Amino acid sequence: MTQFLKIYEDNPSEAAIKKVVEVLKNGGLIIYPTDTVYGLGCDITNARALEKVAKIKGIKLEKANLSFICSDLSHISDYVKQIDTATFKLLKRALPGPYTFILPGNNNLPKVFKNKKTVGIRVPDNNIIRAIVKELGNPIISTSIHDEDEVLEYSTDPELIFEKWENQIELVIDGGYGDNVPSTIIDLSGNEPEVIREGKGDLDIL
């Protein structure tokens, strides 16, 4: 049965965060708030959970462009190749924030992502998800949940999200209403930053 857990962003309850982490460590899937849209995720080190995410999204895991949610910049260096000073300054300016940065991956990526040359990295400006990742000790996979509604592309009401996803995943976090504008995606794997998708994040940081 899917759990529905209220967590307040201003002061996330430690007990609630531990409960979510337990679900993730047991291979569970969660839906969680970010600073943009609600996301679907699991522990990146759990291959079975990753397969479940890919199945729900109707994609092959090896081909999936899933990004990682990290708790801070120090986490990022675990999974990306060494970055130059200019790139580091840009990340420091933008994060935490509503951006996904595509960076060259290193050999620490989980086995299923070994063939990928790049990885999308997010550090959302949201205390709930950052506290979860910090407590878990490694990133979680991040993929936005889309809505079939033609007017709204993303679900923003956690109760409606719960109704839709009940019995498909293990836990839905109610962190208040979400946004319906996704993150801005910037590719930093080439010589110059390239904007892949303009979303909530302001391009003035470039």
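Which residue is the bridge partner of Leu 103 in strand 6?

**Exercise 1. Find that partner and place strand 6 among its neighbours.**

This is a predicted model: local features need pLDDT of at least 70, side-chain atom pairs count only at pLDDT 80 or more, and totals for chains, interfaces and linings use all residues. Residues are numbered from 1 along each chain as its sequence is written, and side-chain values use heavy atoms, with hydrogens and water left out.

Step 1. Fix the terms. Helices (H or I, at least four residues) and strands (E, at least two) are DSSP runs, numbered from the N terminus. Two strands pair if DSSP finds at least two bridges between them.

Step 2. Read off the partner. In strand 6, Leu 103 is bridged to Val 119.

Step 3. Take the strand 5 side. Strand 5 (residues 99-104) pairs with strand 6 in the antiparallel sense, over four bridges.

Step 4. Take the strand 4 side. Strand 4 (residues 67-69) and strand 6 run parallel and are joined by three bridges. Here Ile 69 has Arg 122 of strand 6 as its bridge partner.

Step 5. Check burial. Buried means under 20% relative accessible area, exposed over 50%, and partly exposed in between (1.4 Å probe, protein chains only). Strand 6 (residues 118-122) has four of its five residues buried, so it is largely enclosed by the rest of the structure.

**Exercise 2. Lay out the sheet and identify its edge strands.**

Step 1. Write the order. The open sheet has 10 strands, ordered 1-8-2-3-7-4-6-5-9-10, with mixed pairing.

Step 2. Name the edges. Strand 1 (3-6) and strand 10 (194-197) each pair on one side only.

Step 3. Add the twist. From one strand to the next it averages 30 degrees. Axes are lines fitted to C-alpha atoms, for helices over the stretch in contact, and angles run from 0 to 180 degrees between N-to-C directions.

Step 4. Work through strand 8. Strand 1 pairs with strand 8 in the parallel sense over four bridges, and Leu 5 has Ile 173 as its partner there. Strand 2 also runs parallel to strand 8, joined by two bridges. Ile 31 is bridged to Val 172 in strand 8.

Step 5. Cross to strand 3. Strand 2 (residues 30-32) and strand 3 (residues 39-41) are antiparallel, with three bridges. Ile 31 stands opposite Leu 40 in strand 3.

Step 6. Check both faces of strand 8. Leu 171 and Ile 173 are buried on one side, and Val 172 and Asp 174 are buried on the other.

**Exercise 3. Describe the packing of helix 1 on helix 5, then the helices on the sheet.**

Step 1. Choose the descriptors. Two packed helices are described by the angle between their axes and the distance between the axes.

Step 2. Apply them. Helix 1 (residues 14-25) and helix 5 (residues 127-136) pack at about 60 degrees, with axes 9 Å apart. That makes helix 1 oblique to helix 5. Angles under 35 degrees count as roughly parallel, over 145 as roughly antiparallel, 65 to 115 as roughly perpendicular and the rest as oblique.

Step 3. List the contact, meaning heavy atoms within 4.5 Å. From helix 1 come Ile 17, Lys 18, Val 20, Val 21, Leu 24 and Lys 25; from helix 5, Ile 128, Ala 131, Ile 132, Glu 135 and Leu 136.

Step 4. Classify. The contact residues divide into eight nonpolar, no polar and three charged. Ala, Val, Leu, Ile, Met, Phe, Trp, Tyr, Cys and Pro count as nonpolar, Asp, Glu, Lys and Arg as charged, and the others, Gly among them, as polar.

Step 5. Turn to helix 6 (residues 158-165). It lies across strand 1, strand 2, strand 3 and strand 8, at about 170 degrees to strand 8.

**Exercise 4. Is Ile 185 buried or exposed, and what does Ile 185 touch?**

Step 1. Locate the residue. Ile 185 lies in strand 9 (residues 184-187).

Step 2. Apply the cut-off. Ile 185 has 17% relative accessibility, so it counts as buried.

Step 3. List contacts, leaving aside neighbours within four places in sequence. They are Thr 100, Ile 102, Glu 194, Val 195, Ile 196 and Arg 197.

**Exercise 5. Inspect two backbone features in loops.**

Step 1. Check omega. The peptide bond from Leu 95 to Pro 96 is cis, with omega near -5 degrees. Pro 96 sits in the loop between helix 4 (85-94) and strand 5.

Step 2. Check phi. Asn 167 is not a glycine, yet its phi is positive, about 75 degrees. Asn 167 lies in the loop between helix 6 and strand 8 and is exposed, at 61% relative accessible area.
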